[in-house]
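Please open the structure in your viewer and keep the sequence panel visible beside it. This tour proposes a series of selections and states what is found at each one.

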Amino acid sequence: MIEIYAGKTATKIINEHGLKPELFSTFLGASGGPKWFTLFGLDKYLFGEFFKDRSSPLNLVGSSAGAFRAACFSQNDPVAAISRLAKSYSETRYSSNKPTPQEITTKARALLEDVFGDNGVDEIINNPVFKSHFIVAKSNGLVASEQKALQLLGLTKSYLSNRVNRRFLTKQYERFIYQAPNSNFQLEDNYKFKTTQLDLTTDNLKDALLASGSIPLVMQGIKNIAGSPPGMYRDGGIVDYHFDFKINNPGLILYPHFNSDPKAGWFDKSLNRKITAENYDNVVMITPSQEFITSLPYGKIPDRTDFTVLDTESRIKYWRTVFSETEKLADVFDQQLNNTMKLIPYP
C-alpha cells in the first residue's frame, strides 16, 4: 500500500540504524491542493506517534497545501489541527461550480480561522521543536496584476520561459520563506531564485500562509505582507511545487508525497523535466502505491477538478472515503517500522 524511496545516503544510514525519528532534521510538504488528502492518515501517525516524543528541532518546510500542513504540525495538538484542516477544506462549499477568486479567498480565510483556533498563531511561532517554514512566491511584472487578462498574459510568458529554461522564471518570481524565529534552515538552489527568509510574526503569519496557497487566477494574491517588501505574493508552488533544491542542514529529510515523480515548479507539471538527483540524496519519500490509488473511489487521488466535475455532496462523500482509507497507509508504515523495510532507490 505504500512505497518508500530513499536516496543513496539515506539508504545507507537507514540500513545501519533503522528508520528512526531522530535521524531526520527536515520534513517536506508539497503543493497539490486536495492531493494531500491521500497522506492524511500518515500525517496523523507521523505527528501523533512517530515524532511524538521528539525534543530536537525539526524544520517543517512547505508550499501551498504543504505549508498549511506545516502550520498544523507545529501547533500544540498537531493531530487535532490537521483533522480540523481536513474537515474544513473537504467540506468547503461554494455558491457555484465556478466561484470567483474573491469568494475562494474569503472561504480560505475562514478556513484559517478554523485551523488556528484561539492560540494557533502563537503556538506556531513559539514551538521549540516543530518549526514551520512557509514558501511564498513574490510575483513581479504582469503576474502581479489582479486583472485576469494581464495576469494570464504574464503566466503564459512564465510557461513559455520555463519550457526553455527554469532559470528564466527568476525574472518574474522570487522565493520568500516565512519561518519560525531562530530557524537554522539552509538551502542551496541551482536555479538561483532570489531567496529571502523572514521570521513569522503575529502580524504576518496568516497572510504569509494564505499567500503560500494563493493559486494564480483561482485566488486573489496577497499584497504587501507585513514586514515584507511591498508587492504581490502568490502560491509558493509556482517556484517550489514539489521541491528541487539542496537542503544544507545535517540529517535526513522525510517527505511524504502523493506520487514518486516530484516536479520542481508549478510550470513543470506537464513536462518530463526531472529533479536534480543529488538534491534527493538524503531524502526518504513515502508514497501511496498505485494499487492503493486504484482502490480509491474513481480510481484516483483527489484533486482540484473534483470541485467542478462532481456535485458537492458526491465530492464530500468521496473525500471522506479517502480520509478513512488512508488510515491503512499509517498501519502499513507502522508495521514496516517494526519489520524489514524495503527501500526503493531514488531517483
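Begin by selecting Ser228, which is buried, with a relative accessible area of 14%; the cut-off for a buried residue is under 20%. The model on display is a predicted one. Ser228 belongs to the loop between strand 8 (222–223) and strand 9 (232–235). Now show the side chain of Tyr178 as well: the side chains of Ser228 and Tyr178 make a polar contact at 2.7 Å. Apart from neighbours within four places in sequence, the residues in contact with Ser228 are Tyr178, Leu198 and Tyr233.

**A strand inside the fold**

Next, select strand 3, residues 58–63. Are its faces covered or open? Both are covered: Leu58, Leu60 and Gly62 are buried on one side, and Asn59, Val61 and Ser63 are buried on the other. Six of the six residues of strand 3 are buried, so the strand is largely enclosed by the rest of the structure.

Add strand 2 (residues 24–29) to the selection; this strand runs parallel to strand 3 and is joined to it by four bridges. To see one bridge pair, pick Phe27, whose partner in strand 3 is Leu60. Then follow the chain from strand 2 through helix 2 (residues 40–50) into strand 3: this β-α-β crossover is right-handed.

Strand 3 also pairs with strand 4 (residues 130–139), again in the parallel sense, over six bridges. Select Gly62 here, and its bridge partner in strand 4 is Phe134.

**Salt bridges**

Side chains of opposite charge can pair when their charged atoms come close. How many salt bridges are counted in this model? The count comes to 17. Three of these pairs follow.

Return to helix 2 and select Asp43 together with Arg69. These two residues form a salt bridge, with the closest N and O atoms 2.8 Å apart. Asp43 lies in helix 2 and Arg69 in helix 3 (residues 65–73), so the pair ties together parts that are 26 residues apart in sequence. Asp43 is buried at 1% relative accessibility, and Arg69 is buried with a relative accessible area of 2%.

Move now to Arg273 and Asp268, which form a salt bridge whose closest N and O atoms are 2.7 Å apart. Arg273 is partly exposed at 22% relative accessibility, whereas Asp268 is buried, with a relative accessible area of 1%.

Then select Arg320 and Glu91, whose side chains meet in a salt bridge of 3.0 Å from N to O. Which parts of the chain does this pair link? Arg320 is in helix 11, while Glu91 is in the loop between helix 4 (78–90) and helix 5 (101–116); the two residues are 229 residues apart. Arg320 is partly exposed, with a relative accessible area of 48%, and Glu91 is partly exposed at 26% relative accessibility. Add Lys87 to the view: salt bridges that share partners join Lys87, Glu91 and Arg320 into one network.

**Two helices with buried residues**

Select helix 12 (residues 327–337), where Leu329, Ala330, Val332, Phe333 and Gln336 are buried. These residues cover an arc of only 165 degrees around the axis, which means that they lie on the same side of helix 12. To see what they face, display strand 1 (2–6), helix 2, strand 12 (283–288), helix 9 (290–295) and helix 11 (312–325), against which the buried residues of helix 12 pack.

For the second helix, select helix 8 (residues 205–212), which is mostly covered, with six of its eight residues buried. Colour Leu205, Ala208, Leu209, Leu210, Ala211 and Ser212 to mark these buried residues of helix 8.

**A last stop in a loop**

Finally, select Asn190, in the loop between strand 6 (187–188) and strand 7 (195–199). Is Asn190 buried or partly exposed? At 31% relative accessibility, Asn190 counts as partly exposed. Leaving out residues up to four places away in sequence, Asn190 touches Arg167, Thr276 and Asn279. Use the distance tool on the C-alpha atoms of Asn190 and Asn279: these atoms are separated by 9.7 Å, although the residues are 89 residues apart along the chain.

Terms used. Residues numbered from 1 in each chain as written. Predicted model: local features only at pLDDT ≥ 70, side-chain atom pairs only at ≥ 80, totals over all residues. Heavy atoms only, no water. Buried < 20%, exposed > 50% of the residue type's maximum accessible area, 1.4 Å probe, protein only. Pairing = 2+ DSSP bridges. Right-handed = clockwise from strand over helix to strand, strands pointing away. Arc of directions from axis to C-beta. Contact = heavy atoms within 4.5 Å. Polar contact = N/O pair within 3.5 Å; in protein donor to acceptor, adjacent residues only side chain to side chain. Salt bridge = Lys/Arg side-chain N within 4 Å of Asp/Glu carboxyl O.
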